[in-house]
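Visitor: Please pick one part of this structure for a close look. I would like to know what surrounds that part and how it is placed in the chain.

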Amino acid sequence: MTAYTNYALRTLMFCALHPDRTVRVSDIAAAYGISRAHLMKGARQLGQLGYLKTVRGRSGGIRLGMAADDIVIGHVVRHTEGDLDLVECFNPDTNTCPLMDVCKLSRLFRRGLAAFLAELDTVTLAEMVADGPRLLERLAPRPADPG
């Protein structure tokens, strides 16, 4: 999974942990100790997809755009990861492997990816943050990673 998806999921979790307020991306960056710039693109896409609602203005920021119970982790991963071609042969347009269609490794990877996504489809954002108080204890602001 890419850092982009990881940060998108962390953004959603942070917003779910603060359901009664609009949060700033800088608050999320401080809580996780990651760059604000890395979070901005993901927050923008999550807003376009309806997972987040963006609030403009002086007291603006982001908040969940739908109920945490309605946000399925597998769906978010599919939206943020885009192309899930684990190996070259997953994409017939760019594949150069002569073993395509007879390779057991490719089939194994396809089954593994399907199982991974199926498992993520069983979990909602609400379930991910069900232990809210313990999660919040760990999210005390820390210095952001300059990268």
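Guide: Asp121 counts as partly exposed, with a relative accessibility of 30%. Its partner in a salt bridge is Arg78, and the closest N and O atoms of the two are 2.7 Å apart. This pair joins distant parts of the chain, since 43 residues separate Arg78 in helix H4 from Asp121, which sits in the loop between helix H5 (104–120) and helix H6 (125–128). Arg78 is also partly exposed, at 34%. The model is a predicted one.

H4 leads to the part I would look at closely, helix H3, because H4 (73–81) is among the elements that cover the buried residues of H3. Some context for the whole chain comes before that. The chain has seven helices and two strands, and their order from the N terminus is α-α-α-β-β-α-α-α-α. Of the 147 residues, 37% are buried. Among contacts with a separation of 6 or more, 65% are between residues 24 or more positions apart. The accessible surface is about 9000 Å², with carbon and sulfur atoms contributing 55%.

H3 covers residues 36–48, which is 13 residues. From first C-alpha to last the helix reaches 19 Å, close to the 18 Å expected at 1.5 Å a residue. Its buried residues are Leu39, Gly42, Ala43 and Leu46. These lie on the same side of H3, because they cover an arc of only 105° around the axis. The spacing follows a general rule: an α-helix has 3.6 residues a turn, so residues three or four places apart point the same way. On the face turned away from the buried side, H3 carries the exposed residues Ala37, Lys41 and Gln48.

Besides H4, the cover over the buried residues of H3 includes helix H1 (3–17), helix H2 (25–32), strand E1 (52–55) and strand E2 (61–64). The two ends of H3 can be described as well. At the N-terminal end, Ser35 acts as a cap, with a side-chain oxygen 3.2 Å from the backbone nitrogen of Ala37. After H3 comes Gly50, which has a positive phi near 90°.

H2, one of the covering helices, brings the account back to salt bridges. There are four of these in the count, including the Arg78–Asp121 pair described above. Arg21, Arg24 and Asp27 form a network of salt bridges. Within this network, Arg24 and Asp27 meet at 2.7 Å, N to O, while Asp27 and Arg21 have their closest N and O atoms 3.8 Å apart. The 3.8 Å pair still qualifies because the limit for a salt bridge is 4 Å. Asp27 is buried, with a relative accessible area of 18%, which is under the 20% that defines a buried residue. The two arginines are partly exposed: Arg21 has a relative accessible area of 35%, and Arg24 has a relative accessibility of 47%.

To return to H3, the helix has one side with Leu39, Gly42, Ala43 and Leu46 buried, and an opposite face with Ala37, Lys41 and Gln48 exposed.

Conventions: Residues are numbered from 1 along each chain as its sequence is written. This is a predicted model: local features need pLDDT of at least 70, side-chain atom pairs count only at pLDDT 80 or more; totals for chains, interfaces and linings use all residues. Side-chain values use heavy atoms; hydrogens and water are left out. Helices (H or I, at least four residues) and strands (E, at least two) are DSSP runs, numbered from the N terminus. Buried means under 20% relative accessible area, exposed over 50%, partly exposed in between (1.4 Å probe, protein chains only). Contact means heavy atoms within 4.5 Å. Accessible areas come from the Shrake-Rupley method with a 1.4 Å probe; for residues, only the protein chains shown count as cover. The expected span of a helix is 1.5 Å times one less than its number of residues. The arc is that of the directions from the helix axis to the C-beta atoms. A polar contact is a pair of N or O atoms within 3.5 Å; within protein, one must be able to donate a hydrogen and the other to accept it, and residues adjacent in sequence count only if both atoms are side-chain atoms. A salt bridge is a side-chain nitrogen of Lys or Arg within 4 Å of a carboxyl oxygen of Asp or Glu.
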